[in-house]
Amino acid sequence: MSEESVEIPAGPEQVWAAITTDSGAWSFQVDVEEDTVHVRREPFAPDATATLTGWEPPGRFAYEDPTFATEYLITARDNGSCVLRVVNSLRVDGEGWDDIAEQAAKGWRMTLEVLRVYATHFAGMPSARIDLMTPVNAPETARAQVGRQMFAELGIEGSACDGPLITGVVEHQGPYFALLRTTEAMFAISAFPMDAVTLSINVTGRVYGPDAEAVAARERPRWQDWLGELVDRIGKD
């Protein structure tokens, strides 16, 4: 079992809406139909279907599939913020599953940072997606090295990013993950095996505002070209 948490400067109702109704505005779209939960994960993984096991607005949302049981727990704070905890429990055992559970925990740490930025700056705004993934010809153990090259080419230096694709604030940076924000968008970029096996460079981008769809349509090819060129260079090193 793993547990990750984040404090968010918003109330429980707003965070509940973000993870149930507006999930596609910052991450995978989650659709709840009676006792079934549909998680739209393309292009990063096949879509998944789970069984709803908890629906207690605005404090608890839970579901389980054959592999994982996932539980969101929202607790209000006196200062008007709240803490979101995600408990992720592996429902199978055997060789290789511990590694998958570890990768899932790391994925949740990144995901909660994205939610924090969304709830703080963009909650409720019209949005459009730029979701891209490209495999890298490098072992999973090379992801920190790939991350350094990725950050350098994005123009990340300290708390700022000033590169050919984006100029903005670095909200979070780890060895192989960066979360970048502008006044109208945020981009989570990682060197991470989304399938727990193959290293890939992943872009989860959201553009916000009344012209979000038009901006995303313009920017998506630029990000795709950058990804292809970066992966080519990594493969030749």
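Trainee: In this predicted model, is Ser159 buried or exposed?
Mentor: Ser159 lies in the loop that joins strand 9 (156-157) to strand 10 (160-162). Its relative accessible area is 55%, and the cut-off for the exposed class is over 50%. Ser159 is therefore classed as exposed.

Trainee: Which residues does Ser159 touch, leaving aside those up to four places away in sequence?
Mentor: The chain brings Val170 back towards Ser159: the two are 11 residues apart in sequence, while their C-alpha atoms are separated by 4.9 Å. Val170 is also one of the residues in contact with Ser159. With residues up to four places away in sequence excluded, the contacts of Ser159 are Gly168, Val169 and Val170.

Trainee: Is Asn202 buried or exposed?
Mentor: Asn202 belongs to strand 14, which covers residues 200-208. Its relative accessibility is 2%, and the buried class lies under 20%. Asn202 therefore counts as buried.

Trainee: Which backbone oxygen does the side chain of Asn202 reach?
Mentor: Beyond four places in sequence, Asn202 touches Phe44, Leu132, Met133, Ala188, Ile189, Ser190, Phe192 and Met194. For one of these residues, a polar contact is present at 3.1 Å, inside the 3.5 Å limit for such pairs. The side chain of Asn202 reaches the backbone oxygen of Phe192.

Trainee: Where do the buried residues of helix 3 fall when seen down its axis?
Mentor: Helix 3 comprises residues 143-154, and its end-to-end C-alpha distance of 16 Å is close to the 16 Å expected. Its buried residues are Arg143, Val146, Gly147, Met150, Phe151 and Leu154. Seen down the axis, these residues fall within an arc of 135°, so they line one face of the helix.

Trainee: Which residues are exposed on the other side of helix 3, and which residue follows the helix?
Mentor: On the side away from the buried face, the exposed residues are Gln145, Arg148 and Ala152. The helix is followed by a residue with a positive phi, near 85°. That residue is Gly155.

Trainee: Which members of the largest nonpolar core touch the most other members?
Mentor: In soluble globular proteins, nonpolar side chains tend to be buried together. The largest such core here has 70 residues, and its largest share, 9 residues, comes from helix 4 (residues 212-236). Leu84 has contacts beyond four places in sequence that include Val6, Ile8, Val15, Ile19, Leu112 and Leu115. The members that touch the most others are Leu84 and Trp223.

How values were computed. Residues are numbered from 1 along each chain as its sequence is written. This is a predicted model: local features need pLDDT of at least 70, side-chain atom pairs count only at pLDDT 80 or more; totals for chains, interfaces and linings use all residues. Side-chain values use heavy atoms; hydrogens and water are left out. Helices (H or I, at least four residues) and strands (E, at least two) are DSSP runs, numbered from the N terminus. Buried means under 20% relative accessible area, exposed over 50%, partly exposed in between (1.4 Å probe, protein chains only). A polar contact is a pair of N or O atoms within 3.5 Å; within protein, one must be able to donate a hydrogen and the other to accept it, and residues adjacent in sequence count only if both atoms are side-chain atoms. Contact means heavy atoms within 4.5 Å. The expected span of a helix is 1.5 Å times one less than its number of residues. The arc is that of the directions from the helix axis to the C-beta atoms. A nonpolar core is a set of buried Ala, Val, Leu, Ile, Met, Phe, Trp, Tyr and Cys residues joined through side-chain atoms within 4.5 Å.
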